[in-house]
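Student: I've got the coordinates loaded and a coffee in hand. Can we go through this one together?

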Amino acid sequence: MVGGAPVDASARATDATTIVGPRHYIRGYPAEIDGEVNAVVEIPSGTTGKFEVDDADGWMHWRPDRDTGEPREVDYLPFPVNYGMVPRTFAADGDALDSVVLGRGIERGHVAATRVIGVLLMGDDDERDDKLIAVPLEPALENGFSK
């Protein structure tokens with residue numbers, strides 16, 4: 001477990017703040033295959049640790065808090081969805097497209113096959129920061145939203 005969540009079996013934790021996948025999380029996977037969109041889970045549903053994939057090394061890092069330098073955690077409530085990004089994409093904010101995958105917690109570092117069902121049109125500091133809303137398609141992860 002890293003940051004209060006299990007780590008996908010294909011990945012490994014190098015320490016308490018870093019997860020390395022079998023491939024570069026941004027450039028090592030396609031954005032989509034046959035209409036299914038890949039979503040890299042950075043923050044599993046029910047957790048509070050703010051992890052993010054770094055474009056330079058392709059690893060997932062627990063981001064430091066701007067004020068304290070300690071690993072950043074949301075202190076008011078856990079994430080209600082699995083939060084992550086879509087590999088090989090580029091959003092208006094310069095990062096990969098953000099995705100939220102509905103359902104129970106998926107392991108940190110898992111690359112989930114999903115179907116996009118909508119978009120949350122959002123902004124951050126006067127900059128567009130949309131989120132793709134997706135449902136898991138893998139049989140082990142399917143839930144009521146998947147249908």
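Tutor: Sure, and keep in mind that this is a predicted model. Let's begin with the surface: the accessible surface of the protein chain is about 7900 Å².

Student: What percentage of that accessible surface belongs to carbon and sulfur atoms?

Tutor: Take the total of about 7900 Å² for the protein chain. The share belonging to carbon and sulfur atoms is 52%.

Student: How many helices and strands does the secondary structure of the protein chain have?

Tutor: Read the elements from the N terminus and you get β-β-β-β-β-β-β-β-β-β-β-β. The count is therefore zero helices and 12 strands.

Student: Which value does the globule rule give for 147 residues, and what is the radius of gyration of the protein chain?

Tutor: The globule rule gives 15 Å for 147 residues. The chain comes close to that, so it is as compact as a globular protein of that length. Its radius of gyration is 14 Å.

Student: How do β1 and β2 run, and which residue does Arg12 stand opposite?

Tutor: Strand β1 (residues 12-15) and strand β2 (residues 18-20) run antiparallel, joined by three bridges. They form a hairpin, with two residues between them. Opposite Arg12, in β2, stands Val20.

Student: Is Met122 buried, partly exposed or exposed?

Tutor: Met122 sits in the loop between β9 (111-120) and β10 (123-124). Beyond its neighbours within four places in sequence, Met122 has contacts that include Glu127 and Lys131. Its relative accessible area is 41%, and buried needs under 20% while exposed needs over 50%, so Met122 is partly exposed.

Key. Residues numbered from 1 in each chain as written. Predicted model: local features only at pLDDT ≥ 70, side-chain atom pairs only at ≥ 80, totals over all residues. Heavy atoms only, no water. Helix = DSSP H or I, 4+ residues; strand = E, 2+ residues; numbered from the N terminus. Buried < 20%, exposed > 50% of the residue type's maximum accessible area, 1.4 Å probe, protein only. Contact = heavy atoms within 4.5 Å. Pairing = 2+ DSSP bridges. Rg over C-alpha atoms; globule rule 2.2 N^0.38 Å. Areas by Shrake-Rupley, 256 points an atom, 1.4 Å probe, with all protein chains shown as cover.
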